[in-house]
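Here is a quick tour of a protein model, written for someone who would rather be at the bench. Take a look at the structure first, then read on.

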Amino acid sequence: MFTQIAVVVAVGLLGWAYQAIRPPPPKICGSPGGPPVTSPRVKLSDGRHLAYKERGVPKEKAKYKIIVSHGFDSSKDMSSPISDELLEDKGIYFLTFDRAGYGESDPHPKRSVKSEAYDIQELADKLQLGCKFYVIGISRGAFSVWGCLKYIPQRLAGASLVVPSVNYWWPSFPSTLADEGFKRRPVQDQWTLRVAHYAPWLLYWYMTQKWFPSLSFLQRNFVDIFCPKDMEILKNRRQNRNIGQIRQQGEYESLYRDIMVGFGKWEFDPITDLKNSFTENEGSVHIWQGYEDRMIPFQLTRYISEKLRWIQYHEVADFGHLMMLDGTICEAILEALLLH
């Protein structure tokens, strides 16, 4: 009798564990019971759709064509201080898109840094942007730009990585430097990233359990992750983030998969595996880093720039992780990228 009870209990625990770590199916936009499609989208070769938003001059008349990869928990409708007048004056076609699983873009069950680069390439081809275009990656969206520099460098006219997230497990980071940067993050974030790296199959459970805190950003512990300048920008900016729409296909396919892709095991190490694609000075690559950034330690991005001398490094005093929301900084980023 005891053995039978033990078996029943064990089976019950296994069933509970399986349900706890298994994410729910995504709510695909346009599918029965799913969110509606309200934005223009392109259909990719694998059948998925990417939603996008165009600003600036028509692409047929543009002098510069820029594709922007948004950050964590954001979308194509992200806040931007870039005015329509500036885009018109500079002749810029400005394209933002929902990365896979965000907003109205279909999830990608095998999303990776490589797949995000090829998503950008296919989006450009579907919209007939020509053989070359510029890319800007913001925060977590910079992972996509690292992928572009690795997998589609021949398509780039230039690239900017703005407050770029880094993977603390890139092999070429000195262990002491990576550890110091990692330990600057809140303890709850350290554990979240460890789970994403070492046990990604547990991440859904970890992010949804109630016993201890997971990611500080999602729990809005902003004082721990934003510097005074960031807090000032947050206070003054127009609140137009529609979190429900950003995550409408499920937090697993948008947020949690983003964490797993960014902090999992990469197919390449940017520091050792990337080459300068602009040897004739026909384009340029930039890193923009806020000195006061509490999410991305400047010591790590500074180290990358020291190893990759062909990347132009801009370290901005007094600013933190939200520097892209400052109009003056944003204009400087565009000027440096386009007027190399």
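A residue counts as buried under 20% relative accessible area, as exposed over 50%, and as partly exposed in between (1.4 Å probe, protein chains only). Bear in mind that this is a predicted model: local features need pLDDT of at least 70, side-chain atom pairs count only at pLDDT 80 or more, and totals for chains, interfaces and linings use all residues. Residues are numbered from 1 along each chain as its sequence is written, and side-chain values use heavy atoms, with hydrogens and water left out.

Let's start with the sheet. Helices (H or I, at least four residues) and strands (E, at least two) are DSSP runs, numbered from the N terminus, and two strands pair if DSSP finds at least two bridges between them. Here 8 strands form an open sheet with mixed pairing, in the order S1-S2-S4-S3-S5-S6-S7-S8. At the edges sit S1 (41-43) and S8, each pairing on one side only. Direction ignored, neighbouring strands are turned by 25° against each other on average; angles in general run from 0 to 180 degrees between N-to-C directions, with axes being lines fitted to C-alpha atoms, for helices over the stretch in contact.

Within the sheet, S3 and S5 (residues 133-138) run parallel and are joined by 4 bridges, with Ile-66 opposite Tyr-134 in S5. Helix H3 (residues 113-126) packs on the sheet and touches S1, S2, S3, S4 and S5 (contact means heavy atoms within 4.5 Å). The direction of H3 makes about 135° with that of S5.

Over at the other end of the strand order, S7 (residues 285-290) and S8 (residues 311-316) are also parallel, joined by 6 bridges. His-286 stands opposite Gln-312 in S8. Together with helix H13 (residues 298-307), S7 and S8 make a right-handed β-α-β unit; right-handed means that, with the strands pointing away from the viewer, the path from the first strand over the helix to the second runs clockwise.

H13 has a helix partner too. H5 (residues 175-183) packs with H13 at an angle of about 145°, their axes 9 Å apart. Leu-177, Ala-178 and Gly-181 in H5 meet Gln-299, Leu-300 and Tyr-303 in H13.

Now for some single residues.

| Residue | Place | Relative accessibility |
|---|---|---|
| Arg-99 | loop between S4 and H3 | 1%, buried |
| Asp-258 | helix H11 (residues 251-263) | 2%, buried |
| Ser-80 | loop between S3 and H2 | 31%, partly exposed |
| Pro-24 | loop between H1 and S1 | 47%, partly exposed |

What does the side chain of Arg-99 reach at 3.5 Å? The backbone oxygen of Gly-71. A polar contact is a pair of N or O atoms within 3.5 Å; within protein, one must be able to donate a hydrogen and the other to accept it, and residues adjacent in sequence count only if both atoms are side-chain atoms. Leaving out residues up to four places away in sequence, Arg-99 touches, among others, Glu-116, Arg-140 and Asp-258. Asp-258 in turn has a 3.1 Å polar contact between its side chain and that of Arg-111.

The side chain of Ser-80 reaches the backbone nitrogen of Ile-82 at 3.2 Å. The C-alpha atoms of Ser-80 and Met-324 are separated by 7.6 Å, although their positions lie 244 residues apart along the chain.
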